[in-house]
Amino acid sequence: MSGNFHIEIPGGATRVLLHACCAPCSSAIVECLMQNGIEPVIFYSNSNIYPLEEYEHRLSECIRYARKWGLEIVDDVYDHAAWGGCAVGLENEPERGGRCLQCFKFRLLRAAEYASAHGFEVLTTTLASSRWKSLDQVNAAGQWACEQVSGVTWWPQNWRKGGLQERRNQIIREENFYNQLYCGCEFSQRD
């Protein structure tokens, strides 16, 4: 189904850094990019995920899916303590509240810095595929992150449309992905 969804990458680039939060959210996006002649490099930067065992479980699923497609995956440094600094004072915020915006900024800035240092002109994220996330927050964080570095354009693609949400659900079943029950941080566990 994602083969029918035409995408246009900013500047006509054929290479993109794809920040990935998990394999389920990445699945249809990766397939769509590949079917449109765009080979993503997957950047797994999720210091928000708690505990470490959960981070590693989600990472292993991302690696498994990347290997299926023959894609490179970059595992960023896991630094939950540094991530915690962005949540100070926001611990009681609800999902989609101010804590989430700061979390997205933290993770997407790391992705933008990597993109800039490694010659990627375009950055996008799988965070924009989840119905549990605010697209406005994701895009504001991505735009802000790319403004902090040179030479990287934020691609605010809405990965929920064009049948991608339905295809995502099919792939989750086909691949028997571990599909987590909370966003990732210890604060989202209670919600």
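A140 counts as partly exposed, because its relative accessibility is 40%. This residue sits in helix 5, which covers residues 135–147. A good companion to look up alongside it is L101: the two C-alpha atoms are separated by 8.2 Å, although A140 and L101 lie 39 residues apart along the chain. Please keep in mind while browsing that this is a predicted model.

**The sheet**

Let us turn to the strands. In what order do the 5 strands of the open sheet run? The order is 3-2-1-4-5, and the pairing is parallel. Strand 3 and strand 5 stand at the edges with a single partner strand each, so one side of each has no neighbour in the sheet. As general background, strands of a sheet pair through backbone hydrogen bonds, in either a parallel or an antiparallel way.

Is strand 1 mostly covered or mostly open? Strand 1, residues 15–19, is mostly covered, with 4 of its 5 residues buried. Its pairing with strand 2, residues 39–44, is parallel and extends over 5 bridges. Two of the facing positions are easy to find in the viewer:

| Residue | Partner in strand 2 |
|---|---|
| L17 | V41 |
| L18 | I42 |

Helix 4, formed by residues 98–117, lies across strand 1, strand 2, strand 3, strand 4 and strand 5. Relative to strand 1, helix 4 runs at about 155 degrees. L101, mentioned above for its 8.2 Å C-alpha separation from A140, falls within the 98–117 range of helix 4.

**Helix 1 against helix 6**

Now for a pair of helices that is worth a closer look. Helix 1 (residues 23–35) packs against helix 6 (residues 164–175) at an angle of about 115 degrees, and their axes are 8 Å apart. Helix 1 is therefore roughly perpendicular to helix 6. The two helices cross in a right-handed manner.

Which residues make this contact? Helix 1 contributes P24, C25, S27, A28, E31 and C32, while helix 6 contributes L164, R167, R168, I171 and I172. By character, the residues of the contact divide into 7 nonpolar, 1 polar and 3 charged.

Methods: Residues are numbered from 1 along each chain as its sequence is written. This is a predicted model: local features need pLDDT of at least 70, side-chain atom pairs count only at pLDDT 80 or more; totals for chains, interfaces and linings use all residues. Side-chain values use heavy atoms; hydrogens and water are left out. Axes are lines fitted to C-alpha atoms, for helices over the stretch in contact, and angles run from 0 to 180 degrees between N-to-C directions. Angles under 35 degrees count as roughly parallel, over 145 as roughly antiparallel, 65 to 115 as roughly perpendicular and the rest as oblique. A crossing is left-handed if the near helix is turned anticlockwise from the far one by less than a right angle, and right-handed if clockwise. Contact means heavy atoms within 4.5 Å. Ala, Val, Leu, Ile, Met, Phe, Trp, Tyr, Cys and Pro count as nonpolar, Asp, Glu, Lys and Arg as charged, and the others, Gly among them, as polar. Buried means under 20% relative accessible area, exposed over 50%, partly exposed in between (1.4 Å probe, protein chains only). Two strands pair if DSSP finds at least two bridges between them.
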